[in-house]
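The following exercises concern backbone conformation, burial, helix faces, strand pairing and domain arrangement. Each task is followed by a solution that proceeds step by step.

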Amino acid sequence: MPIKTDALIIRENNRIGENDRLITALTRERGVLQASVRGARKITSRSGSGTSLLTYSTLTLTEGKNKWIVTDAKPQRVFFELRNEMSKVALAQYFCELAGVLAPREEPAEEALRLLLNALHFLSEGGREAALLKVTVEQRLLRLAGYCPDLNGCAVCGRPEGGMFLQPLRGTLLCTDHGSPSMDTLPLTAGAVAAWRYLTAAPEDKLFSVKLSEESLQSLAAASEYFLLSCLGRGFNTLDFYNSVK
Ligand SMILES: [Zn+2]
């Protein structure tokens with residue numbers, strides 16, 4: 001039975017054969033999946049335009065022997081504007097790679113899909129700090145996948161307020177009395193701690209309204225990235241590229 005599902009195309013993989021290619025999509029109904037697109041290289045192929053990277057489409061998928069096959073793709077939104085700015089398209093591709101690793105598979109991925117669509121929307125439109133969008137996507141996808149630091153307070157004395165040091169490998173905080181700058185800690189301003197707490201708990205519709213100072217944003221962005229890489233124990237080519245062009 002074919003299924004119809006909304007999806008963001010998060011990766012265009014290698015071509016298979018003369019006209020076919022493989023895509024990875026973040027779908028509403030079945031999470032992250034790979035599917036082959038028949039005849040994708042033919043310019044006249046309608047499915048071709050709906051299966052390009054960073055396109056949000058309604059896909060019709062048929063289950064093949066070992067994989068899904070895209071039999072129709074109707075584009076709903078193409079994030080074309082992103083392609084005009086190298087740092088924006090680089091960040092968008094990092095979001096996609098991250099979702100490919102952290103979003104659910106074989107089960108509905110409504111929240112992850114909405115998160116990515118909103119982040120790409122704000123990235124395209126401008127008006128939101130790229131660094132803050134990055135932290136938001138990183139921490140929400142991590143939370144969805146079950147990774148969440150203990151942000152309640154200092155791991156030693158429990159103090160909840162003030163600047164803190166993050167221990168990224170443990171996912172815990174230390175207050176300024178119990179922590180100190182070192183190789184194993186990252187400083188967080190009080191504003192950064194508050195924003196991080198907010199980003200892990202806020203309802204989806206309030207997620208992109210955080211405001212914080214440049215200093216707090218910088219400390220939050222550095223800690224978020226370090227924590228993510230520590231949790232996952234791997235790097236991302238798209239992140240390295242983004243950091244080289246931002
Ligand atoms: Zn303490």
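**Exercise 1. Locate Glu106 and state whether it is buried or exposed.**

Step 1. Glu106 belongs to the loop that runs between helix 2 (86-102) and helix 3 (110-125); helices (H or I, at least four residues) and strands (E, at least two) are DSSP runs, numbered from the N terminus. The model is a predicted one, in which local features need pLDDT of at least 70 and side-chain atom pairs count only at pLDDT 80 or more, while totals for chains, interfaces and linings use all residues. Residues are numbered from 1 along each chain as its sequence is written.

Step 2. The phi of Glu106 is positive, near 60°, in a residue other than glycine.

Step 3. A residue is buried if 20 or more other C-beta atoms lie within 10 Å of its own, exposed if 12 or fewer, and partly exposed in between, with C-beta atoms placed from the backbone. Glu106 counts as exposed because it has 9 C-beta neighbours inside 10 Å.

**Exercise 2. Carry out the analysis for Leu54: in which loop is it found, and is it buried or exposed?**

Step 1. Leu54 is found in the loop between helix 1 (46-49) and strand 4 (55-63).

Step 2. Although Leu54 is not a glycine, its phi is positive, at about 65°.

Step 3. Leu54 has 22 C-beta neighbours inside 10 Å and therefore counts as buried.

**Exercise 3. Determine how the buried residues of helix 3 are distributed about its axis.**

Step 1. The expected span of a helix is 1.5 Å times one less than its number of residues. For the 16 residues of helix 3 this gives 22 Å, and the end C-alpha atoms are 22 Å apart, in agreement.

Step 2. The buried residues of helix 3 are Ala112, Leu113, Leu115, Leu116, Ala119, Leu120 and Leu123. Viewed down the axis, they fall within an arc of 160°, so they line one face of helix 3; the arc is that of the directions from the helix axis to the C-beta atoms.

Step 3. After helix 3 comes Gly126, with a positive phi near 80°.

**Exercise 4. Describe the two sides of helix 6 and identify elements that cover its buried residues.**

Step 1. Helix 6 (residues 214-232) comprises 19 residues and reaches 27 Å from its first C-alpha to its last, close to the expected 27 Å.

Step 2. Among its buried residues are Leu217, Leu220, Phe227 and Leu228. The buried residues of helix 6 cover an arc of only 165° around the axis, which puts them on the same side of the helix.

Step 3. The face turned away from this buried side carries the exposed residues Glu214 and Glu215.

Step 4. The cover over the buried residues of helix 6 includes helix 4 (130-144), strand 6, strand 8 (186-188) and helix 5 (190-201).

Step 5. Gly233 follows helix 6 and has a positive phi, near 60°.

**Exercise 5. Place Arg140 and list its contacts beyond its neighbours within four places in sequence.**

Step 1. Arg140 lies in helix 4. Arg140 counts as buried because it has 23 C-beta neighbours inside 10 Å.

Step 2. With neighbours within four places in sequence set aside, Arg140 is in contact with Leu115 and Leu199; two residues are in contact if their C-beta atoms, placed from the backbone, lie within 7 Å.

Step 3. Arg197 is 57 residues from Arg140 along the chain, and their C-alpha atoms are separated by 11 Å.

**Exercise 6. Characterise the pairings of strand 4 with strand 5 and of strand 6 with strand 7.**

Step 1. Two strands pair if DSSP finds at least two bridges between them. Strand 4 and strand 5 (residues 68-78) run antiparallel and are joined by 9 bridges. Thr60 has Asp72 in strand 5 as its bridge partner, and a hairpin of 4 residues joins the two strands.

Step 2. Strand 6 (residues 164-167) pairs with strand 7 (residues 172-175) over 4 bridges, in the antiparallel sense. Phe165 stands opposite Leu174 in strand 7.

Step 3. The hairpin of strand 6 and strand 7 has 4 residues between the strands, and Gly171 takes a positive phi near 70° there.

**Exercise 7. Which elements of domain 1 supply at least two residues each to the side that touches domain 2?**

Step 1. The assignment, with bounds from an automatic or database domain assignment, gives domain 1 (3-78) and domain 2 (81-150 + 164-245).

Step 2. The C-alpha centres of the two domains lie 28 Å apart, and 14 residues of domain 1 are in contact with 18 residues of domain 2.

Step 3. The elements sought are strand 1 (3-16), strand 2 (20-27) and strand 3 (31-37).
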